[in-house]
Amino acid sequence: MWLWWSVAKRELPLDDADGVAAVQAAGIPLSVAWLGRTSTDDQQNPTLSLPRQLRSSRDAMPEGPVIVAHFYDVEAREAFNIPIARDGSIRDLLAEAKRPDRRFAAVICESVERVARRTYFGTKIEYELEQAGVMLLAADEPMPQLDRPKGGRARKRATPVLTRRVKQAVAEWYVLQMLELSWDAFCEHTEQGWNVGKPCYGYRAKKIPHPVAAKRAEGKSKTRLVRTLSRGQRSPTSFFSAPFTSSGTTPSRTS
């Protein structure tokens, strides 16, 4: 993988020992963009998760590289006071990576699963960055050496790629398993007669002490639906005052 850096308006490959020497001689630090991501706002606290991801990425970097841009995605971002300046989303990151005047030569994230939970999207983003000459780094993976290995041969990538792909596969398996288990639990919850959300028309929610002792001690309860209207009975406000035909039009009073 080639990692490019601009020195005196020349593109220098950091896989080249001469390029590394030129960068070091010029005293220019390697510019890195940080990529963060959180799940939905009701499942994770972005004000804690994102700063933790940024700190983990900073701590993993060797001396020299500097984070110059912050890209992250979080649902309902406006509802939180996140203490990190935001340069855009993952779309903005990919767009800037393809520009000749991009501000960074590499991207770092806390772990490769933070890029995307689905393997297809994660590898697609990694491929697009690689095609643009930008290396994707992960804080929980060994940091690659930017200079050429001893002997002048190409750096070994097979084992790091295998490790990353296994992690991506495990991440996708975990998501699918959690979705399946959550849906099965919801079905079981409904089949046992418990209600979720606002009661539907003709029913009311009857509170019942929570069946789990620990939650019951906290004052929590569950609800079951109790019928309030007999079969065939309806509220006068439950339908429009004027009936509609099957075609959706209102019939005349003489019809």
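Four aromatic pairs are present in the structure, which is a predicted model. One of them joins Trp34 and Tyr72, whose ring centres are 6.0 Å apart and whose planes meet at 55°, a tilted arrangement. Trp34 belongs to strand β3 (residues 31–37) and Tyr72 to strand β4 (residues 66–73), so this pair ties together parts of the chain that are 38 residues apart in sequence. Both Trp34 and Tyr72 are buried.

Another of the pairs is formed by Trp183 and Phe186 and is stacked, with 5.9 Å from centre to centre and 25° between the planes. Both residues are found in helix α5 (residues 158–191), where three residues, about one turn of the helix, separate them. Trp183 has a relative accessible area of 54% and is therefore exposed, since the exposed class covers values over 50%. For Phe186 the relative accessibility is 39%, so this residue counts as partly exposed.

Aromatic rings also meet charged side chains. The ring of Tyr72, already described as part of a tilted pair with Trp34, has the charged end of Arg86 over it, at 5.5 Å from the ring centre. In a further case, the charged end of Arg224 is placed over the ring of Trp194, and the distance to the ring centre is 3.8 Å.

Arg224 is part of strand β8 (residues 221–227). Its relative accessible area is 28%, which makes Arg224 partly exposed. Besides lying over the Trp194 ring, the side chain of Arg224 reaches the backbone oxygen of Gln192 at a distance of 2.6 Å. When neighbours within four places in sequence are left aside, the residues in contact with Arg224 include Gln192, Gly193 and Trp194, as well as Arg204, Ala205, Lys206 and Ile208. For Ala205, which is 19 residues from Arg224 along the chain, the separation between the two C-alpha atoms is 5.6 Å.

A second charged residue, Glu110, is located in the loop between β5 (106–109) and α4 (119–131). Glu110 is buried, as its relative accessible area is 13%, and the buried class covers values under 20%. The side chain of Glu110 makes a polar contact of 3.5 Å with the side chain of Ser56. Apart from neighbours within four places in sequence, Glu110 is in contact with Leu35, with Arg52, Gln53, Ser56 and Ser57, and with Ala138, Ala139 and Asp140. Ser56 thus appears among the contacts of Glu110 and is also its partner in the polar contact between side chains.

Methods. Residues are numbered from 1 along each chain as its sequence is written. This is a predicted model: local features need pLDDT of at least 70, side-chain atom pairs count only at pLDDT 80 or more; totals for chains, interfaces and linings use all residues. Side-chain values use heavy atoms; hydrogens and water are left out. Rings of Phe, Tyr and Trp (its six-membered ring) pair if their centres lie within 6.5 Å; planes under 30 degrees apart count as stacked, over 60 as edge-to-face and the rest as tilted. Helices (H or I, at least four residues) and strands (E, at least two) are DSSP runs, numbered from the N terminus. Buried means under 20% relative accessible area, exposed over 50%, partly exposed in between (1.4 Å probe, protein chains only). A charge sits over a ring if NZ of Lys or CZ of Arg is within 6 Å of the ring centre and within 35 degrees of the ring normal. Contact means heavy atoms within 4.5 Å. A polar contact is a pair of N or O atoms within 3.5 Å; within protein, one must be able to donate a hydrogen and the other to accept it, and residues adjacent in sequence count only if both atoms are side-chain atoms.
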